[in-house]
Amino acid sequence: MDRAESVSYDRIAGSYDATRGGMERGRRIAGVVAGMLPTDPVLEVGVGTGLVAAGLAELGRPPVGVDLSLPMLAGARERIPGRLAVGDALRLPVGTGTVAGVCLIHVLHLVGDIPAALAEVARVLRPGGGMVATAFPGEAPPGDVHEEMVRFQDRTGGRPPVVDVAVVTRLAAEAGFVPAGRHDEPGHEVTPRYAADLVEARSNSWMWTVDDATWAREMPPALARLRALPDQDRVRPGPGPAVLAFRHP
């Protein structure tokens, strides 16, 4: 589950917004986060291009954002100027006990050591502070797109780390957090065309763990199978992330 180093999104910074829901998704998640973290200041770990941060700013709650990737931060700079820092979730450039809330949106599956990242969150929080983190709810509903993606993962050995609700809740408890709420987001709108575009662009972080020779051998037939599925623009059911709130007494 854990890696020695956190994953940077440098390679897809230019396409991130277009493939991850843009400001519409950012505003929706921000509205949820704002209700789960009732006090300021807020730190967003893995701020990326600032989609959620900008949504929080529109609600009058601009966070401070930290991210590993300079290209991603370049996008965030236009949305929340002057409130950004380069940093890893494992070594936050933030003083101990200085923030009231921390949010980690689609981040924990990318950090090199989840327990260490949660310990860092606990360090920077004020007593009684809160954390909001997203987690995967479990397996996607069965269907043709899902089956093709699992087949592709099996043939390449590329698997996203398991960072589901049970894992996040357990690791948060080990770091001293107690559950304080949950919100289930709508399922992702997955179409064969969208899935094929992600594969062709090698856009998901789990794909970067596949060695280049295996990718060159397995990607073209997987892409062909996805593009051959019927009703290329018909939405298939997909899992939505769970947004989990915790307090650190």
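How many helices and strands does the protein chain have? Keep in mind that you're looking at a predicted model. Colour the protein chain by secondary structure and you should find 9 helices and 7 strands.

**Stop 1: the whole chain**

Zoom out until everything fits on screen. Along its principal axes, the C-alpha trace spans about 55 × 35 × 30 Å. The radius of gyration is 18 Å, close to the 18 Å that the globule rule gives for 249 residues, so the chain is as compact as a globular protein of that length.

**Stop 2: the sheet**

Now show just the strands. They form an open sheet of 7 strands, and if you walk across it you meet E3-E2-E1-E4-E5-E7-E6, with mixed pairing. Which strands stand at the edges? Select 84–86 for strand E3 and 178–184 for strand E6: each has a single partner strand, so one side of each is left without a neighbour in the sheet. Tilt the view and look along the sheet; on average, neighbouring strands are turned by 20° against each other, direction ignored.

Next, pick residues 42–45 (strand E1) and residues 99–104 (strand E4). These two run parallel and are joined by 3 bridges. For a closer look, click Glu44, which stands opposite Cys103 in E4.

Bring back one helix, H7, by selecting residues 165–174. H7 packs on the sheet and touches strand E5 (125–135), E6 and strand E7 (242–247). Compare the direction of H7 with that of E7: the two make about 10°.

**Stop 3: helix H9 and its two partners**

Select residues 212–228, which is helix H9, together with residues 144–156, helix H6. What do we look for in a pair like this? Two packed helices are described by the angle between their axes and the distance between the axes. The axes of H6 and H9 come within 10 Å and cross at roughly 165°. An angle over 145 degrees counts as roughly antiparallel, and H6 and H9 are therefore roughly antiparallel to each other. Their crossing is right-handed.

Show side chains here. On the H6 side you'll find Glu148, Met149, Arg151, Phe152, Arg155 and Thr156, and they meet Thr214, Trp215, Glu218, Met219, Ala222, Arg225 and Leu226 in H9. Sorted by class, the residues of this H6 and H9 contact are 6 nonpolar, 2 polar and 5 charged.

Keep H9 on screen and swap H6 for helix H8, residues 192–201. Here the axes come within 9 Å and cross at roughly 165°, and H8 and H9 are therefore roughly antiparallel to each other. Is the crossing of H8 and H9 left-handed or right-handed? It is left-handed. From H8, the residues Pro192, Arg193, Ala195, Ala196, Asp197, Val199 and Glu200 meet Trp215, Met219, Leu223, Leu226 and Arg227 in H9. The class count for the contact of H8 with H9 is 8 nonpolar, no polar and 4 charged residues.

**Stop 4: three spots in the loops**

Go to the loop between helix H2 (22–36) and E1, where Pro41 is found. The peptide bond from Asp40 to Pro41 is cis, with omega near 0°.

Then jump to the loop between E4 and helix H5 (114–124), the place of His106. His106 isn't a glycine, yet its phi is positive, about 55°.

Finish at Asp231, in the loop between H9 and E7. Asp231 is another residue other than glycine with a positive phi, this time near 50°.

Key
Residues are numbered from 1 along each chain as its sequence is written. This is a predicted model: local features need pLDDT of at least 70, side-chain atom pairs count only at pLDDT 80 or more; totals for chains, interfaces and linings use all residues. Side-chain values use heavy atoms; hydrogens and water are left out. Axes are lines fitted to C-alpha atoms, for helices over the stretch in contact, and angles run from 0 to 180 degrees between N-to-C directions. Helices (H or I, at least four residues) and strands (E, at least two) are DSSP runs, numbered from the N terminus. Angles under 35 degrees count as roughly parallel, over 145 as roughly antiparallel, 65 to 115 as roughly perpendicular and the rest as oblique. A crossing is left-handed if the near helix is turned anticlockwise from the far one by less than a right angle, and right-handed if clockwise. Contact means heavy atoms within 4.5 Å. Ala, Val, Leu, Ile, Met, Phe, Trp, Tyr, Cys and Pro count as nonpolar, Asp, Glu, Lys and Arg as charged, and the others, Gly among them, as polar. Two strands pair if DSSP finds at least two bridges between them. The radius of gyration is taken over C-alpha atoms; the globule rule is 2.2 Å times the number of residues to the power 0.38.
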